[in-house]
Amino acid sequence: MKVLVTGGLGFIGSHTVVALQNDGFEVVIIDNLSNSSEDVLDGIAKITGEKPLFENIDLRDKSSVISFFKRHPDIEGVIHFAAYKAVGESVTNPLAYYENNIGTLVYLLQELQDKKRTNFIFSSSCTVYGQADEMPITENAPVKPAESPYGNTKQVGEEIIKDTCKVKEGLNAISLRYFNPMGAHPSAEIGELPIGVPQNLVPFITQTGVGLRESLSVFGHDYPTEDGTCIRDYIHVMDLAKAHVMALKRLLSGENNKNYEVYNLGTGKGSSVLEVIQSYERVSGKKLDYKMVDRRLGDVITAYASTNKANKVLGWQAETTLDQAMKSAWDWECKIRNYQEVHV
Ligand code: UD1
């Protein structure tokens, strides 16, 4: 069964390609290499024994999208990761975000709407909840006004899919709202490769560990949490990848109750920034250089998922512990930087 994965050379995309191939799916990747590299194909091949098909297409080019689907009429499912994801950049360049994250989604759906039956998985985010009033966050928690154009593209993206599903019976879609993805494939053949200074916590920690960054700034230590730092739900990228396969299978087998569904993907457990640092120190055997600084604008205090719906309906559950996830992130960082671990 042939599946299109857009953004399939990126962080979550590449791990999902591995999970799909391990499950027997034939994968075609579309990626424009704007935040990824073709070398990722070799990493995927080393893990699965098979190089997926790859087309270097920019989804903003509508004619390329049209001709792609003409060449691949047998695609039965689409997992759409391709998007920009830097919150700060989206504030300074909103139109680039709306063009890339919304325009391309519309082009894809336009090509899919003429098919008799088609299945679509959308890469969404817990950012749609903002600071939720209750923990853990269920899928019924209200969607709060977006804090950034990036966040808005996820909200609007979900709305576009929902509206399209209302009028197109053959279109079946699931939005997956990720909490905080982290880690790498345990083989360390693929992982996260942020360009420039990482904005996210875990790559910043591991880059500090190998000496690429001087020290981590912990954004805020006076939050109303037990240790004063923010709480998030860190989920291993392979657990996340497997959830995509299960969601896709649900649609392919027609088990979905409605033609548009939403699921949270998290572990259900919240960890503070200091707990994440401690996890790093445990798995690396090294102390991390860090300092407490002011709060970062736009950060919510606490966010962790209720995983009930994904557990019950998709039959999915995160299996990797924070330490195992951190170990995979650290192994990957050491490998790509050619860093020899020295235990102190
Ligand atoms: C961020 C985005 C979110 C997006 C997700 C993608 C914001 C406000 N939110 O989530 O919309 O879906 O990335 O992965 O940017 N931290 C530090 N020092 C650092 C970096 C982070 O203390 O150098 C702290 C943050 O304050 C936060 C936690 O670590 O408490 C996690 O931060 P991060 O990895 O950036 O993820 P989110 O902000 O939760």
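A polar contact is taken here as a pair of N or O atoms within 3.5 Å. In this predicted model, the side chain of N200 meets that criterion, with an N or O atom placed 3.1 Å from an oxygen atom of the ligand. A distance of 3.1 Å likewise separates an oxygen atom of the ligand from an N or O atom in the side chain of Y150, while a polar side-chain atom of S125 lies 3.0 Å from a ligand oxygen atom. The ligand on its own would expose 740 Å², of which 87% is buried by the protein.

The ligand is surrounded by 19 residues, with L201, S217, R232, R296 and D299 as the closest. Sorted by class, this shell comprises nine nonpolar, seven polar and three charged residues. Strand β8, spanning residues 216–219, supplies four residues, the largest share of the shell. Because residues of the shell are drawn both from domain 1 (2–183 + 234–265) and from domain 2 (201–232 + 268–304 + 320–335), the ligand lies between the two domains.

The cysteines were considered separately. A search across the whole structure returns zero disulfides. For C230, the closest cysteine sulfur belongs to C126 and is 12 Å away, which is too far for a bond, given that a disulfide requires sulfur atoms within 2.5 Å. C230 is also buried, at 5% relative accessibility, and C165 is buried as well, with a relative accessible area of 3%.

Definitions and conventions:
Residues numbered from 1 in each chain as written. Predicted model: local features only at pLDDT ≥ 70, side-chain atom pairs only at ≥ 80, totals over all residues. Heavy atoms only, no water. Buried < 20%, exposed > 50% of the residue type's maximum accessible area, 1.4 Å probe, protein only. Near = heavy atom within 4 Å. Polar contact = N/O pair within 3.5 Å; in protein donor to acceptor, adjacent residues only side chain to side chain. Areas by Shrake-Rupley, 256 points an atom, 1.4 Å probe, with all protein chains shown as cover. Helix = DSSP H or I, 4+ residues; strand = E, 2+ residues; numbered from the N terminus. Nonpolar A, V, L, I, M, F, W, Y, C, P; charged D, E, K, R; others polar. Domains from an automatic or database assignment.
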